[in-house]
Amino acid sequence: MAKAFTLGLYEKSMPSQLEWKEKLLCAKEAGFDFVEISIDETEEKLKRLDMTQEERLKLVRLMAETGVPIRTMCLSGHRKYPLGSSDPEVCARGMEIMEKAIRLADDLGIRIIQLAGYDVYYEESTFETKKRFLKNLKKAAEIAEKYGVLLGFETMENEFMNTVEKAMKYVTLVGSPYLNVYPDIGNITNAAKTYQTDVLEDLTLGKGHIVAMHLKETVPGKFREIPFGTGHVDFEGAAEAAWKLGVRKFVTEFWYTGNPAWKDDLRNAHDMFTEILKRQDNE
């Protein structure tokens with residue numbers, strides 16, 4: 001019988017110079033079910049939103065050829081072009097990125113877009129930026145509804161949306177079945193440490209609205225490039241809680257940092273989390 005979950009690999013866990021075919025084959029070799037594409041704030045990644053129809057078809061054919069699809073998108077390009085920006089041009093660019101990302105997801109067969117959970121990043125958050133963020137979120141949800149692509153907030157590293165509870169505020173205000181939460185367990189673990197709260201209780205506040213989960217290691221105050229098993233995230237407890245909430249799609253989020261044995265890192269991450277998730281399936 002097929003396993004009850006799918007485990008994805010974050011694109012940035014592999015060297016950036018690899019072609020897509022190589023990335024998909026590396027994910028397959030390590031045992032992953034799919035890859036999460038990154039659309040970050042760099043112009044190189046943002047250009048992906050303007051791929052020609054032939055380039056999109058070529059990528060779809062590569063997925064079929066390798067047997068490894070791209071099924072989720074980490075859309076962090078809004079860090080530079082946030083939906084709540086006080087600059088009308090930046091805000092307009094943010095909405096353009098949003099619509100293009102949804103269209104790209106539709107063309108490639110991507111099911112879930114992970115949205116950056118902040119109104120602004122490089123400017124001060126105000127009452128007005130929050131109002132603008134909510135207004136544009138409603139527009140984004142309408143576009144997602146049209147294409148049938150799910151949006152899920154990433155719980156971030158800053159105060160604006162570093163918990164599931166804070167993400168659920170905007171999910172409730174927008175009220176669309178296409179806007180949900182895609183939490184980063186590492187980030188919400190750090191937030192729980194800061195606020196002296198229960199991370200699993202916070203996760204439960206997203207009940208019925210968690211579409212997937214980022215499996216990422218952190219230590220207090222640090223949010224990136226922490227090797228699995230060297231931080232303070234309780235992955236076993238998080239997996240158990242997420243499973244009870246109906247979460248069946250997970251992505252291992254970690255980064256290639258120049259380690260020549262990076263392929264071993266992929267396999268180790270796959271094996272570690274496959275074992276953890278299989279235990280949930282067997283209970």
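The sheet, the helix packed across it and the nonpolar cores of a predicted model are described below. Local features rest on pLDDT of at least 70 and side-chain atom pairs on pLDDT 80 or more, whereas totals for chains, interfaces and linings use all residues. Residues are numbered from 1 along each chain as its sequence is written, and side-chain values use heavy atoms, with hydrogens and water left out.

Eight strands (DSSP runs of E, at least two residues, numbered from the N terminus) make up an open sheet with parallel pairing, in the order β6-β5-β4-β3-β2-β1-β8-β7. Pairing requires at least two DSSP bridges between two strands. The edges are formed by β6 (179-181) and β7 (213-215), each of which pairs on one side only. Neighbouring strands are turned by 30° against each other on average, direction ignored. Strand β5 (residues 150-154) pairs with β6 in the parallel sense over three bridges, and Gly-152 stands opposite Asn-180 in β6.

Helix α4 (a DSSP run of H or I, at least four residues) lies across β2 (34-39), β3 (70-75), β4 (112-116) and β5, at about 170° to β3. Angles run from 0 to 180 degrees between N-to-C directions of axes fitted to C-alpha atoms, for helices over the stretch in contact.

The largest nonpolar core comprises 87 residues, with Met-73, Ile-113 and Phe-153 having the most contacts inside it. Such a core joins buried Ala, Val, Leu, Ile, Met, Phe, Trp, Tyr and Cys residues through side-chain atoms within 4.5 Å, buried meaning under 20% relative accessible area (1.4 Å probe, protein chains only). Helix α4 (residues 88-108) gives the most to this core, with nine residues. A second, separate core of nine residues includes Phe-34, Cys-74, Val-211 and Trp-255.

Definitions and conventions:
Buried < 20%, exposed > 50% of the residue type's maximum accessible area, 1.4 Å probe, protein only. Contact = heavy atoms within 4.5 Å.
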